[in-house]
Amino acid sequence: MIRKNIHKILYLFSIMLGIAFVIRCGIDFINYDATNSAPFYVFVVVDALEFILPSLLVFLAARILKKKQEA
């Protein structure tokens, strides 16, 4: 049963990582002040590497598993 729906769980996890990225960027924006040594876009790039890249990898894995299950 769980093997049948594993791609749905992976899709959900991918969406949760995307939401976490948005929340983390919002928190970084609230806590950012102009006296930081790094520009704000650096924080966004780091957050993207932490959340968006794994989200894309999980999404691709879910897609592959779904296609494998259909075949």
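**Entry 1: a salt bridge**

I started with Asp47, which forms a salt bridge with Arg24. The closest N and O atoms of this pair are 3.8 Å apart. I placed both partners: Asp47 sits in helix 2 and Arg24 in helix 1, 23 residues apart. The pair thus links distant parts of the chain. I note here that I am working on a predicted model.

Is Asp47 buried or exposed? I looked up its relative accessibility and found 2%. The cut-off for buried is under 20%, so Asp47 counts as buried. Arg24 came next, at 34% relative accessibility. Arg24 therefore counts as partly exposed, since that class runs between the 20% and 50% limits.

**Entry 2: the other bridge**

How many salt bridges does the structure hold? I count two. Besides the pair with Asp47, the side chains of Arg24 and Glu50 meet in a salt bridge, at 3.4 Å from N to O. This pair also links distant parts of the chain. Arg24 is in helix 1, Glu50 is in helix 2, and their positions lie 26 residues apart in the count. I checked Glu50 for exposure and got 40% relative accessibility, so Glu50 counts as partly exposed.

Which residues make up the network of salt bridges? I wrote down Arg24, Asp47 and Glu50. As a general note, side chains of opposite charge can pair when their charged atoms come close.

**Entry 3: neighbours of Asp47 and Arg24**

I then listed contacts, leaving aside neighbours within four places in sequence. Asp47 is in contact with Phe21, Arg24, Cys25, Asp28 and Ile52. Arg24 touches Asp47, Glu50 and Phe51. I also took one distance from Arg24 to a residue elsewhere in the chain. The C-alpha atoms of Arg24 and Leu60 are separated by 23 Å, and the two residues are 36 apart along the chain.

**Entry 4: the two helices**

Next I turned to the helices that carry these residues. Helix 1 covers residues 6-31 and helix 2 covers residues 40-70. How do I describe their packing? Two packed helices are described by the angle between their axes and the distance between the axes. For helix 1 and helix 2 I have an angle of about 170 degrees, with the axes 8 Å apart. Angles over 145 degrees count as roughly antiparallel. Helix 1 and helix 2 are therefore roughly antiparallel to each other.

I sorted the residues in the contact of helix 1 with helix 2 by class. The contact has 21 nonpolar, five polar and six charged residues.

I picked one more pair of residues for a distance. Ala61 lies in helix 2. The C-alpha atoms of Ala61 and Tyr11 are separated by 9.1 Å. Along the chain, these two residues are 50 apart. I looked up Ala61 for exposure too: its relative accessible area is 34%, so Ala61 is partly exposed.

**Entry 5: aromatic rings**

I moved on to the rings. How many aromatic pairs are there? The count comes to five. One of them is the pair of Tyr32 and Phe40. Their rings are 5.6 Å apart, centre to centre, with 65 degrees between the planes. Planes over 60 degrees apart count as edge-to-face, and the Tyr32 and Phe40 pair is edge-to-face. Both residues are partly exposed: Tyr32 has a relative accessible area of 26%, and Phe40 has 23%.

Phe40 also forms an aromatic pair with Phe43. This pair is tilted, at 6.5 Å centre to centre and 40 degrees between the planes. Phe40 and Phe43 both lie in helix 2. They are three residues apart, about one turn of the helix. Phe43 has a relative accessible area of 30%, so I put Phe43 down as partly exposed.

Which residues do the ring pairs link into a cluster? I wrote down Phe29, Tyr32, Phe40 and Phe43.

Key. Residues are numbered from 1 along each chain as its sequence is written. This is a predicted model: local features need pLDDT of at least 70, side-chain atom pairs count only at pLDDT 80 or more; totals for chains, interfaces and linings use all residues. Side-chain values use heavy atoms; hydrogens and water are left out. Axes are lines fitted to C-alpha atoms, for helices over the stretch in contact, and angles run from 0 to 180 degrees between N-to-C directions. Helices (H or I, at least four residues) and strands (E, at least two) are DSSP runs, numbered from the N terminus. Angles under 35 degrees count as roughly parallel, over 145 as roughly antiparallel, 65 to 115 as roughly perpendicular and the rest as oblique. Ala, Val, Leu, Ile, Met, Phe, Trp, Tyr, Cys and Pro count as nonpolar, Asp, Glu, Lys and Arg as charged, and the others, Gly among them, as polar. Rings of Phe, Tyr and Trp (its six-membered ring) pair if their centres lie within 6.5 Å; planes under 30 degrees apart count as stacked, over 60 as edge-to-face and the rest as tilted. Buried means under 20% relative accessible area, exposed over 50%, partly exposed in between (1.4 Å probe, protein chains only). A salt bridge is a side-chain nitrogen of Lys or Arg within 4 Å of a carboxyl oxygen of Asp or Glu. Contact means heavy atoms within 4.5 Å.
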